[in-house]
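Hi everyone, thanks for coming. Let's walk through a protein chain together, one piece at a time. Please have a look at the sequence and the structure first.

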Amino acid sequence: MLTIYCLIVSDTRLDNGYHPYRIAYTKTFGQPPWFDYVRDEYSACREAIGLSDYSSFTKIDILSKGREVVDCLQYLCSNDVDIPLGGIIHTGMQNKLGGYENDCSLVRIAENHYMMIAPTIQQTRCKVWIQKHLPADGSVTLSDVTSMYTAICIMGPFTRNLLS
C-alpha cells in the first residue's frame, strides 16, 4: 500500500514551521480504513434494513389559507406535488435556466400545508430562494422548523415489515 502524508507545492517554510501551501494530508492512496464499515452498512440497507438520523436536515413548513401553496410548489418543483395527504414526494427545484436550486422531499400534511425536508447544507440557500419566489400577496408563508423536529430515514427491503 502506498502511503502519502502530504503534498507540498512549496519548499518554503513559515516562521512557525508550517508549509504555506500544504494541499492534503492522508495516510492512504487507495482504500480508506473505513471502507469495510461503509460496505457493511450498504449491504445491510440493501439486503435488510438501515436507519439513518436526518435530524440535522433542513425542515421548512410551507402553508397557505387556500390552494395557493399547491400552485406555488407546482410552479417551483419538477414533479407533480399535488399528492394525497400524508404522501411524500422527492423533487427538485430549478431556476429559469434549468439549473438545480434545491433537492428536497415534500410531505403533504394537509390540503394547504407541506413540510419540505432538504439536506442540511441547503438550509439558508433554499429558504432564501423559495422566499424570493413566493407570491407577492403573502398568501403563502414559509417557516423554518428545523430545530423543532427530528427526522429518521429507514431504508431497505424490510422497511414495511418494521413499520407494520
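Here's something to start us off: does Arg108 count as buried or exposed? Arg108 counts as buried, because its relative accessibility is 2%, and the cut-off for buried is under 20%. Please keep in mind that this is a predicted model.

So what does Arg108 do with its side chain? The side chains of Arg108 and Glu111 meet in a salt bridge, with 3.3 Å from N to O. Another pair to find on your screen is Asp144 and Lys127, whose side chains also meet in a salt bridge, this time at 3.8 Å from N to O. Asp144 sits in strand E8, residues 140–144, while Lys127 sits in helix H3, residues 123–132, so this pair ties together parts that are 17 residues apart in sequence. Asp144 is partly exposed, at 29% relative accessible area, and Lys127 is partly exposed too, at 24% relative accessibility. Back to Arg108 for a moment: salt bridges with shared partners join Arg67, Asp71, Asp82, Arg108 and Glu111 into one network.

One more pair before we move on. Asp40 forms a salt bridge with Arg39, and their closest N and O atoms are 3.1 Å apart. Asp40 is partly exposed, with a relative accessible area of 43%, and Arg39 is partly exposed at 41%. How many salt bridges are there in total? The count comes to eight salt bridges.

Now let's zoom out to the whole chain. Its secondary structure comes to four helices and nine strands. If you read along the sequence, the pattern is β-β-α-β-β-α-β-β-β-α-β-β-α. The protein chain has 164 residues, and 28% of them count as buried. It exposes about 11300 Å², with carbon and sulfur atoms supplying 56% of that area. Let me add a word about contacts: among those between residues at least 6 apart in sequence, 55% join residues at least 24 apart.

Next stop, the inside. The largest nonpolar core has 23 residues, and those with the most contacts inside it are Leu73, Met93, Leu106, Met116 and Ile130. Which elements supply at least two residues each? They are strand E4 (58–64), helix H2 (68–76), strand E5 (88–94), strand E6 (100–110), strand E7 (113–118), H3 and E8. H2 gives the most to this core, with five residues. If you click on Leu73 and set aside its neighbours within four places in sequence, you will find Leu73 in contact with Ile62, Val81, Met93, Leu106 and Tyr114.

From the inside to the surface. Trp34, Tyr37 and Val38 form a nonpolar patch there, with about 380 Å² of accessible area together. Val38 belongs to helix H1, residues 35–47, and is partly exposed, with a relative accessible area of 43%. Glu41 also lies in helix H1. Glu41 is exposed, because its relative accessible area is 56% and the cut-off for exposed is over 50%. You can also compare two distances here: Glu41 and Leu51 are ten residues apart in sequence, and 9.7 Å apart in space from C-alpha to C-alpha.

Let's look at a loop as well. Gln122 lies in the loop between E7 and H3. Gln122 counts as buried, at 18% relative accessibility. What does Gln122 touch, not counting residues up to four places away in sequence? Gln122 touches Thr58, Asn102, Asp103 and Lys127, and you will remember Lys127 from its salt bridge with Asp144.

Last topic: the cysteines. A disulfide is a covalent bond between the sulfur atoms of two cysteines. How many disulfides does the count come to here? The count comes to zero disulfides. Take Cys72: the nearest cysteine sulfur is that of Cys77, and it is 8.3 Å away. A disulfide needs the two sulfur atoms within 2.5 Å, so a distance of 8.3 Å does not qualify. Cys72 counts as buried, at 7% relative accessibility. Cys153 is in no disulfide either, and its nearest cysteine sulfur, that of Cys45, is 8.3 Å away.

That's my tour, and I'm happy to take questions!

Note on methods. Residues are numbered from 1 along each chain as its sequence is written. This is a predicted model: local features need pLDDT of at least 70, side-chain atom pairs count only at pLDDT 80 or more; totals for chains, interfaces and linings use all residues. Side-chain values use heavy atoms; hydrogens and water are left out. A salt bridge is a side-chain nitrogen of Lys or Arg within 4 Å of a carboxyl oxygen of Asp or Glu. Buried means under 20% relative accessible area, exposed over 50%, partly exposed in between (1.4 Å probe, protein chains only). Patches are made of residues with over 30% relative accessible area and no salt bridge: like charges are joined within 9 Å, nonpolar side chains (Val, Leu, Ile, Met, Phe, Trp, Tyr) within 5 Å. Accessible areas come from the Shrake-Rupley method with a 1.4 Å probe; for residues, only the protein chains shown count as cover. A nonpolar core is a set of buried Ala, Val, Leu, Ile, Met, Phe, Trp, Tyr and Cys residues joined through side-chain atoms within 4.5 Å. Contact means heavy atoms within 4.5 Å.
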